[in-house]
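Here are a few friendly notes to read alongside the model. Please have it open as you go through them.

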Amino acid sequence: QNDIRLILRNKRSKGTLFLSVLFLFYGLLFFKEIDVFDISKASSILIFSIIVSGGFIFSFGQYVPSWDSAYYPLLMSQNIKYRSYLESKWRILLVGGLITGMLSLLYILLDIQLIYPLIAAIAYNIGINTHLALFTGAYIRTPIDLSQNKNIFGDRKAFNVQTMLISLPMFLLPMIIFITAAILGSPKLGYYIIIGTGIIGFVFKNMFFDKIEKIYKKYKYVTLDAYKQKN
């Protein structure tokens, strides 16, 4: 409930909703004269599908817990389990990802074949990228001023080699899986395997959360100190 209020009431978090809508329109630039079963083009179509359908996951998820930077010390002093805190963020990403994912399916009006990469992208975003976004957020410790809408497209101070390397699996991993499956079998098999990967990630959510929780706990005091810095 607190996260929903945060998103709807503050300028910066409202900006993530605007950014998510922009991601949805991104497909208009690339989903033209396409063949989702052409190996040379299919992998890029899949990546664009992941971006289009996962805009909210990327724009909001990678800044957890920075959204709470103003009152993070208060949160950490409450009787709130870290696991509960992370799962509440994950539920927000899940709902937001499902909404943007369903809206992205409107692209099948352009070409019914887009159903394959879009469904695969939605499954991967929900099952894998929601976890990876939270994992990346553990290393982005830039305080966010919720009253300001600046830096909506990203804060350069939040970007470093470590976060870049953690973010790469969001896009490179599905591409590698897809290309391998497409070469050994067919592009359609590649889409099915990506869908299966997303389902597996969703089923084994608790295993992901065990790892993510350890990272957040390990850097708890580093994060608290970072949010106290004004410059």
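1. A charge sits over a ring if NZ of Lys or CZ of Arg is within 6 Å of the ring centre and within 35 degrees of the ring normal. Here, lysine 205 lies over the face of tryptophan 90, at 4.9 Å from the ring centre.

2. A word on the basis: this is a predicted model, in which local features need pLDDT of at least 70 and side-chain atom pairs count only at pLDDT 80 or more, while totals for chains, interfaces and linings use all residues. Residues are numbered from 1 along each chain as its sequence is written, and side-chain values use heavy atoms, with hydrogens and water left out.

3. The structure holds 19 aromatic pairs (rings of Phe, Tyr and Trp, the last by its six-membered ring, with centres within 6.5 Å; planes under 30 degrees apart are stacked, over 60 edge-to-face, the rest tilted). The rings of phenylalanine 37 and tyrosine 116 are edge-to-face, because their centres are 5.2 Å apart and their planes at 65°. Both residues belong to one aromatic cluster with Phe178, Tyr191 and Tyr192.

4. Phenylalanine 37 is partly exposed, with a relative accessible area of 29% (buried means under 20%, exposed over 50%, partly exposed in between; 1.4 Å probe, protein chains only). Tyrosine 116, at 23%, also counts as partly exposed.

5. Another edge-to-face pair is tyrosine 72 with tyrosine 85, with ring centres 6.3 Å apart and planes at 70°. Both tyrosine 72 and tyrosine 85 are buried.

6. Serine 20 counts as buried, at 4% relative accessibility. Leaving aside neighbours within four places in sequence, serine 20 is in contact (heavy atoms within 4.5 Å) with Gly55, Phe56, Ser59 and Thr100.
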